[in-house]
Amino acid sequence: MPVLDIPAALRQALALAEQAIGLTDPNPRVGCVILSASGQVLSSGHTQPAGQAHAEVMALHDAAAHGHDVHGATAVVTLEPCSHHGRTPPCCDALIAAGVARVVVAVEDPNPLVSGQGIARLRAAGIAVELADAASADAARELNTGFFSRMQRGRPFVRLKSAISLDGRTALPDGRSQWITGEAARADGHAWRKRAGAVLTGIGTVLADDPRMDVRLVPTASQPLRIVLDPQGRMPAGARILQPPGAVRVIGPGRADLPALLAELGAQGINELHVEAGPTLSGAFLDAGLVDELLVYQAPLLIGAGRPLATLGALAGLDQARRWHLVEATPVGADLRLRLRPT
């Protein structure tokens, strides 16, 4: 009996899931590859926009389109097939009806409506189900870190982005910041905006920079919701952030309760929240312990006097300093992209 190259199929399925970034929210990004009993790749697919076909169904359609019979085949999928009726029927039922013999799952679905039930239904139908290796599970989880956050914590995964100089400045004393980083870093930042269901900033940034806060430097199928915290109602009628494409929500007047806002966004299906703001609002998120990841682009220049990344409360000692774990340090053009998460 041939030994199937499951690791290669998992890598292909994960690459397919990446293609679903900016397309599937609020649903997770999922890829599926179907192998014949001899190890041939019969078909593949990834999740489509909400309300359309999921990865498993796309792969089954792909097989049918190429005249491939999947009876007795192995389906390799990056997330546990769903077992509930949402906008679409359960994917595990589609796999059962198709007659696949085996399903390899990278990671279980954190959705309480699924969580283990999809695997149980497949096994009850006589289908062999296996969980993938830890590295594949981590990769699949990382692709859907916002979905996992929303399902398990009831709020989005919060990524705080900033561009800084070598001496930690984000702008000149008068607020001018265009441009600290180069074109490559700015385009890369838009790729991270694309991941998010919503991009949030404060009215101070709007008044200082008049940004659009949309995704335009990389291709995208949809635009994230743009949110502006404007507690004193100072939003100019002609602000560029109010213009298409994409929807805009201005919160104000009144003081925003950040934890309550995150809970509200989670309830609305926002998986990842991308924050690009000035030092005051950035500091508020950090002081509240609400930042899950720092995305920092460091440029090789010195500014001197200027604005910091965040205005934080004073510490009594260094032992109280917030510790961060370096996830990656990657050159992007002439700049350095740093991703850090709380220790």
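This is a short walk through one predicted model, covering its two sheets, its two largest pockets and a few backbone details.

Some ground rules first. Residues are numbered from 1 along each chain as its sequence is written, and side-chain values use heavy atoms, with hydrogens and water left out. Because the model is predicted, local features need pLDDT of at least 70 and side-chain atom pairs count only at pLDDT 80 or more, while totals for chains, interfaces and linings use all residues.

I will start with the sheets. When I say helix or strand, I mean a DSSP run, numbered from the N terminus: H or I with at least four residues for helices, E with at least two for strands. Two strands pair if DSSP finds at least two bridges between them.

One open sheet has 5 strands in the order β2-β1-β3-β4-β5, with mixed pairing. Its edge strands, each pairing on one side only, are β2 and β5 (128-131). From one strand to the next, the twist averages 15 degrees. For angles, axes are lines fitted to C-alpha atoms, for helices over the stretch in contact, and the values run from 0 to 180 degrees between N-to-C directions. Inside this sheet, β3 (residues 74-77) and β4 (residues 102-105) are parallel and share 4 bridges. There, Val77 stands opposite Val105 of β4. Helix α2 lies across β1 (31-35), β2 and β3, at about 140 degrees to β2.

The other open sheet has 8 strands, also described as mixed, in the order β10-β9-β8-β11-β6-β12-β15-β14. Here β10 (248-251) and β14 (324-332) are the edge strands, each paired on one side only. The average twist between one strand and the next is 20 degrees. Strand β6 runs parallel to β11 (residues 272-275), joined by 4 bridges, and Arg159 has His274 in β11 as its bridge partner. Helix α9 (residues 258-267) packs on this sheet and touches β6, β8 (198-202), β9 (225-229), β10 and β11, with contact meaning heavy atoms within 4.5 Å. The direction of α9 makes about 155 degrees with that of β10.

Now the pockets. The search uses a 1 Å grid over the protein atoms alone and a 1.4 Å probe; a pocket is an open set of points with protein on both sides within 12 Å along at least five of seven lines, and lining residues have an atom within 4 Å of a point. Grid points are joined across faces, edges and corners, and a volume is the space filled by probe spheres set on the points.

What is the volume of the largest pocket? The value is about 1200 Å³. It is lined by 46 residues, and the closest to its centre are Gly202, Thr205, Glu276, Ala277 and Gly278. Helix α8 gives the most to this lining, with 5 residues. UniProt, in an unreviewed entry, places the feature "binding site" at Ser177, Arg193, Arg216 and Glu276; such annotations may be inferred rather than shown by experiment. The lining of the largest pocket takes in Ser177, Arg193, Arg216 and Glu276. Ser177 sits in the loop between β7 and α7 and touches Thr170, Ala171 and Asp209, leaving aside residues up to four places away in sequence. Arg216 belongs to the loop between α8 and β9.

The second largest pocket holds about 390 Å³ of space. Its lining has 24 residues, with Asn27, Pro28, His54, His84 and Asn111 the closest to the centre. Helix α6 gives the most, with 3 residues.

A second "binding site" annotation, again from an unreviewed UniProt entry, covers His54, Cys82 and Cys91. These residues span 38 residues in sequence, yet no two of their C-alpha atoms are more than 9.2 Å apart, so they gather at one spot. The lining of the second largest pocket includes His54, Cys82 and Cys91. His54 itself lies in the loop between β2 (41-46) and α2.

Last, the backbone. A cis peptide bond joins Asp25 and Pro26, with omega about 10 degrees, and Pro26 is in the loop between α1 (6-18) and β1. Another cis peptide bond joins Gly252 and Pro253, with omega about -5 degrees; Pro253 lies in the loop between β10 and α9. Asp210 has a positive phi of about 50 degrees although it is not a glycine, and Asp210 is in the loop between α8 and β9.
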